[in-house]
Amino acid sequence: MGASQSSEEVAAPDVDTHDYVPTEEDINRLRSLFFSAIDIPAELIEIILDMAEYWPSVRSERFLDVAVKSARREGSPYPTAEWCYLVSPRVPAHAKFVKAITIQTESCDQGWGGEPEHRGTYNGSWTWFEAAIIRSDNDSTPWWVSGVERSLPVDLYREGLDRSAAERDTALSCEVRLPDLDRSRWHVTSNLTAVKTYKENVVHWTAEDPKDIDNDIPPGHHHARGIYGREADFVNLMQSGDRVALLVMTKFPMWTNNIRQASITIHYSI
């Protein structure tokens with residue numbers, strides 16, 4: 001029972017398929033060009049850079065097969081699972097604002113189960129991903145962060161049983177909460193229901209995202225799979241020094257979240 005994982009990492013692709021990402025030096029060089037050669041006002045330069053989403057970024061990624069399975073846990077009426085698969089680098093200290101977050105996953109569920117009308121859709125899926133903002137200094141870092149950064153994903157429940165109550169409380173206190181809902185986990189994406197084929201999902205949240213009007217879940221509602229429709233709040237809550245944690249989730253017997261690769265990119269202004 002519990003979650004299982006492969007012992008070997010998936011080979012990264014030989015060809016870099018990522019979009020071009022400007023460096024901080026690129027940004028400053030372009031600013032100088034606009035200002036000196038074209039005489040564009042500084043305020044307009046920043047508007048142009050934002051419209052083009054021409055921002056530097058920090059990024060983390062992992063290529064590792066992990067099968068996260070629902071399991072019984074004390075205090076929960078249903079089997080669940082909660083793993084941290086990946087943690088981003090910190091937002092640089094000199095960053096002015098976080099502008100956007102891009103989270104990419106490649107995953108699938110167990111390939112069967114669920115309601116017949118939901119199969120092949122995102123509806124009715126009980127394997128999904130959540131994101132949390134981690135705000136901590138060296139004295140209050142969550143107990144699981146170093147393990148995720150340096151080696152392997154961490155089963156937050158099972159491995160947390162070996163930690164003291166104080167350590168678990170500290171970890172929870174480091175998650176930035178959305179004040180009006182008093183919640184700290186945002187829904188990222190779900191797997192297609194009862195589809196065993198791996199699928200890539202990419203979400204791109206910006207500081208000016210509109211409220212989610214296409215989802216039948218009301219904007220801001222804290223559903224069982226994390227906060228929906230408040231992605232701009234996630235971005236705007238982030239500060240220098242913060243990190244983003246990607247959590248792999250399941251609920252109910254036999255549901256399995258199979259993930260093989262993920263990345264987190266934080267775009268910021270300087």
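I began with Leu44, which is partly exposed at a relative accessible area of 40%. The model I consulted is a predicted one.

**Entry on the surface patch.** I located Leu44 in helix α2, which covers residues 42-51. I then asked which residues form a nonpolar patch on the surface with Leu44. They are Ile47, Ile48 and Met51, and together the four have about 390 Å² of accessible area. Leu44 can belong to such a patch because its 40% lies over the 30% relative accessible area that patch residues need.

**Entry on the loop between β11 and β12.** I looked up the loop that joins β11 (243-251) to β12 (256-269), and found Phe252 there. Phe252 is not a glycine, yet its phi is positive, at about 80°. Met254 is found in the loop between β11 and β12 as well. Its phi is near 75°, again a positive value in a residue other than glycine. Is Met254 buried or exposed? Met254 is exposed, with a relative accessible area of 53%. Phe252, at 21% relative accessibility, counts as partly exposed, because buried would require a value under 20%.

**Entry on the cavities.** I noted two cavities of 30 Å³ or more. I examined the second largest cavity, which holds about 40 Å³ of space. Its lining includes Ser107, Cys108 and Asp109, together with Asn191, Leu192 and Val195. Thr197, Lys199 and Asn201 also line this cavity. I recorded that β4 (97-108) and β8 (199-206) each supply at least two residues of this lining. By class, I listed three nonpolar, four polar and two charged residues in the lining.

Note on methods:
Residues are numbered from 1 along each chain as its sequence is written. This is a predicted model: local features need pLDDT of at least 70, side-chain atom pairs count only at pLDDT 80 or more; totals for chains, interfaces and linings use all residues. Side-chain values use heavy atoms; hydrogens and water are left out. On a 1 Å grid over the protein atoms alone, a cavity is a set of points where a 1.4 Å probe fits but cannot get out, and a pocket is an open set with protein on both sides within 12 Å along at least five of seven lines; lining residues have an atom within 4 Å of a point. Grid points are joined across faces, edges and corners, and a volume is the space filled by probe spheres set on the points. Helices (H or I, at least four residues) and strands (E, at least two) are DSSP runs, numbered from the N terminus. Ala, Val, Leu, Ile, Met, Phe, Trp, Tyr, Cys and Pro count as nonpolar, Asp, Glu, Lys and Arg as charged, and the others, Gly among them, as polar. Patches are made of residues with over 30% relative accessible area and no salt bridge: like charges are joined within 9 Å, nonpolar side chains (Val, Leu, Ile, Met, Phe, Trp, Tyr) within 5 Å. Accessible areas come from the Shrake-Rupley method with a 1.4 Å probe; for residues, only the protein chains shown count as cover. A salt bridge is a side-chain nitrogen of Lys or Arg within 4 Å of a carboxyl oxygen of Asp or Glu. Buried means under 20% relative accessible area, exposed over 50%, partly exposed in between (1.4 Å probe, protein chains only).
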